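Biologist: Could we go through this model together? I should like to ask about a few parts in turn.

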Protein chains: 2
Amino acid sequence: MSLVDTKEAKSILKRPAIYTDYYELTMAQGYFLSGRHGERACFDYFFRDIPFEGGYVVFAGISDLLEILESFRFHEDELQYLAEQGFRPEFLNYLRDFEFNADIYAAKEGEIVFPREPIVRVEGTIIEAQILETLLLNILNFESLIATKASRMKYAAGDHKVLDFGLRRAQGYGGIQASKAAIIGGVEATSNVYSSFVHNIPASGTMAHSWIQSFEDELTAFRKYAEYYPDNCILLVDTYDTLASGVPNAIKVAKELEERGYKMKGIRLDSGDLAYFSRKARQQLDDAGLDYVNIAVSNQLDERLIKSLLSQNAPIDLFGVGTRLVTGHESPALDGVYKLGSVNGQPKLKLSENIEKITLPGRKKVLRYFDSDGNFYGDGIVLAEETKPNVIHHPFYPAKHSTVSSFNSEPLLHPLLENGEQLHELPSPTESAAYAKQRLEKLNPEHKRFDNPHIYKVGISKKLMDLRDNITQSLKQKS
Amino acid sequence: MSLVDTKEAKSILKRPAIYTDYYELTMAQGYFLSGRHGERACFDYFFRDIPFEGGYVVFAGISDLLEILESFRFHEDELQYLAEQGFRPEFLNYLRDFEFNADIYAAKEGEIVFPREPIVRVEGTIIEAQILETLLLNILNFESLIATKASRMKYAAGDHKVLDFGLRRAQGYGGIQASKAAIIGGVEATSNVYSSFVHNIPASGTMAHSWIQSFEDELTAFRKYAEYYPDNCILLVDTYDTLASGVPNAIKVAKELEERGYKMKGIRLDSGDLAYFSRKARQQLDDAGLDYVNIAVSNQLDERLIKSLLSQNAPIDLFGVGTRLVTGHESPALDGVYKLGSVNGQPKLKLSENIEKITLPGRKKVLRYFDSDGNFYGDGIVLAEETKPNVIHHPFYPAKHSTVSSFNSEPLLHPLLENGEQLHELPSPTESAAYAKQRLEKLNPEHKRFDNPHIYKVGISKKLMDLRDNITQSLKQKS
């Protein structure tokens, strides 16, 4: 519970309307000049590939997007800039009065989502639905990426704590969102003071090597730290020589803390073979009767290294993760796209040589089916007006299908914005983290494993399939 | 030349003092409580590995950092938050009046830099020099990463234009910096309206597939676009069928534009085999007498694909690059670090099992040597008070050395901030791009190639080596 009003701090993006691709505006002017700005359009946000060769994505970013939309307008100096670029006065007048009054349906922040299914549906005038594209993609792609990476790290760590130390290697101001998304994905705390301040999430951190170097010797540095932070004393032990100097000095200070009535919280290892050093350090600590002193480790960790360390029974209590969490490392972008589904109720699709890249037409919803254990069975993409279909088909191999009539289902998308007005209070990152955790428990473990995870079923209804195939056919005849 | 005052827009980071790691503040309080806050410290910023397995880094971000430092202070609500975290009133009073009054020496924005050499040196009180760490690393690591990636793409593209289309896949608000850094690295324009507005750099963009889908047919969509943008008409030709529909329709519209006295600017290919489709499209255009119509391509491009396309003589005029530019793709972080060099004039270093990770002690400068052609020969890291040494040694194999007495040299680091005051006006991204281009011309081509680039010489002086080895020796005896 924060005493601080963080409203002002949250809206870091002061100019959301121009945090966009130029072509959104050239298209918007085109719609305006052709007199089409009253037409209604429906766009879907979805992704095609799961990053990290994983089995699921944790959806995040929708709260930031909705919050930013509250201040979505064109400022005078931005209009002046657009005039210099050659945009026409009548269109700039239109933008001057522009308000984002669309409807947004979306999965909940923290939801577990899968390829090809619409995660967000935007319905509004063709201009407002179009010009949201870049901003929406920028925020949702990145926050979902990092929430997913964090979820994998936490899954590997099990009951051990995972902390975000990544700000120094985050991609610039994206670090603001990275730390928030990491919390949603399951990380317990962050080194990022800004995120802690704004989102009321726990901050963590004690000392760098420079603290130790700045004193005459390591023991003095440790003692000074313990003097000021007896309750939260985690000593970095690898500045000079971990086992010959760092751990023995930490033990001395832990004993001195005991005399003062305190228990030292831990030591941190930031280099070397973490399995070897954690085992040796644990032994030294235990031999000194300090079995309560935790061991924290850091240094280029990711989910596979965490899993490897724990499978070696390395006596580690806490993992500090940085670069590979906040950048996504091997998959630094989620490939989410925003595609037109209909205009004025008329379904639209984009052809492709590659059948997997043909988009799904029309206004759609997603049903999540539950198996008899109450776990996720699979998802069905169906037309918005359909009642629950009995059969869900593989999107490309129609012969593959599942009968889902006996399964319970719930809608994946919920109305969040109606005529530009938020329908619900936005969840805090901690609330979204709790939701993600609860939903992840309903995902069978074969989808969570790191190597060749089982592919989660996402099918489409017969009606949607027929619609897609008929439009494809008629477009091919035309061209 | 912009009519717009972008001063306000530039400073997106409204709370720079808390965009930091928590441990900077626990250490700062520790220095304060131990009465050491008047001590002077000197820190170096440097990196160890060149990203992308490349041969050089384009340094960027220093202008953003200096600009942000102008508003570096702790706000009341931030102090209140810190009080809730348990920071002590006397330290918070100190922070309330805190001003960043350090000295900063740095390489120029756009400079070509190499591993292990100090690129920035910060000198100030131990508290101000310490708490700058995270902010400095966050900004310089990311902007240098993207400027370097952009430089490689431009190098591959040669005289062909390269455009940044990456905002939708950028890492959240980091997209603001990515587009700027891409310009510094050599990209010609950006789709990012925000960056164009703030930095006065050219914006670019025409249409998405949704524009074409939203009309009854492709030809109507093309005609409408040409009607509103006859001067800047680039048509996206792969929505339905590139060669059977897209290019033929584009040719019709180009002919209609000719009748109106305009020349169509280009077509864009965004899918399929870009070598094959560009060749076929070029043929169709040329057969129609439209040899002036350019071909732009996009879709997951990077420097190697650009090089491959051009080596196949694909008739491409313009490359639109996105995800792999703005995220750094295979190397999504530069591993820059910020290490303590001295306290109160006393040199400091951090030991490591790995000799390559032992830091260089003391207050240092960097000399760049030029060969007889005026190209970069190599760099020497020397103590700040040294005059130009005659010999530069390999940092780890002292027997390897170069005699540099006959070479011209210039200092790499320049004073930019003195007692917190900026000494020079900050360069614009366009100016820094021009500087980077000019400096890159002085880098021999073997350092620029993509496969196994030749390693650029970065050595140290005998005095610095002796200082390092003596301190290492005495620290090892102590521990």
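Biologist: Which residues of α8(A) are buried?

Modeller: The buried residues of α8(A) are G175(A), I176(A), Q177(A), A178(A), S179(A), K180(A), A181(A), A182(A), I183(A), I184(A) and G185(A). A residue is buried if 20 or more other C-beta atoms, placed from the backbone, lie within 10 Å of its own, exposed if 12 or fewer, and partly exposed in between. Helix α8 (residues 175-185) of chain A has eleven of its eleven residues buried, so it is largely enclosed by the rest of the structure. Helices (H or I, at least four residues) and strands (E, at least two) are DSSP runs, numbered from the N terminus.

Biologist: What phi does G186(A) take, just after α8(A)?

Modeller: G186(A) takes a positive phi of about 130°.

Biologist: Before we go on, what kind of model is this, and how is it numbered?

Modeller: It is a predicted model, in which local features need pLDDT of at least 70 and side-chain atom pairs count only at pLDDT 80 or more, while totals for chains, interfaces and linings use all residues. Residues are numbered from 1 along each chain as its sequence is written, and chains are lettered from A and ligands numbered from 1 in the order in which they are written.

Biologist: On to the sheet: what is the order of its strands in chain A?

Modeller: The order is β7-β6-β11-β10-β9-β8 (chain A), an open sheet of six strands with parallel pairing. Two strands pair if DSSP finds at least two bridges between them. At the edges are β7 (189-190) and β8 (234-236) of chain A, each pairing on one side only.

Biologist: How many bridges join β6 and β7(A)?

Modeller: Strand β6 (residues 161-164) of chain A pairs with β7(A) in the parallel sense over two bridges. L163(A) has A189(A) as its bridge partner in β7(A).

Biologist: Now the two chains. What operation superposes chain B on chain A?

Modeller: A rotation of 180° with 0.0 Å of shift along its axis does so, at an RMSD of 0.0 Å. That is the relation of a two-fold axis. The fit is by least squares on the C-alpha atoms of residues with pLDDT of at least 70 in both copies. In chain B, G174(B) comes closest to the rotation axis, at 2.2 Å (C-alpha).

Biologist: And how many residues are in contact between the chains?

Modeller: 91 residues of chain B are in contact with 92 residues of chain A, where contact requires C-beta atoms, placed from the backbone, within 7 Å. Helix α2 (residues 22-33) of chain B gives the most to the side of chain B that touches chain A, with eight residues. The same surface serves both copies, as 100% of the contact residues of chain B recur in chain A.

Biologist: What about F72(A): is it buried or exposed?

Modeller: F72(A) is buried, because 20 other C-beta atoms lie within 10 Å. It is found in the loop between α3 (62-69) and α4 (76-84) of chain A. Not counting residues up to four places away in sequence, F72(A) touches P16(A), A17(A) and F100(A).

Biologist: How far is F72(A) from V58(A)?

Modeller: They are 14 residues apart in sequence and 26 Å apart in space, C-alpha to C-alpha.

Biologist: Lastly, which domains does chain A have?

Modeller: The assignment, from an automatic or database source, gives domain 1 (7-145 + 332-363 + 404-444) and domain 2 (147-326) of chain A. Their C-alpha centres lie 38 Å apart. 24 residues of domain 1 of chain A are in contact with 19 residues of domain 2 of chain A. α16(A) gives the most to the side of domain 1 that touches domain 2, with seven residues.

Terms used
Two residues are in contact if their C-beta atoms, placed from the backbone, lie within 7 Å.
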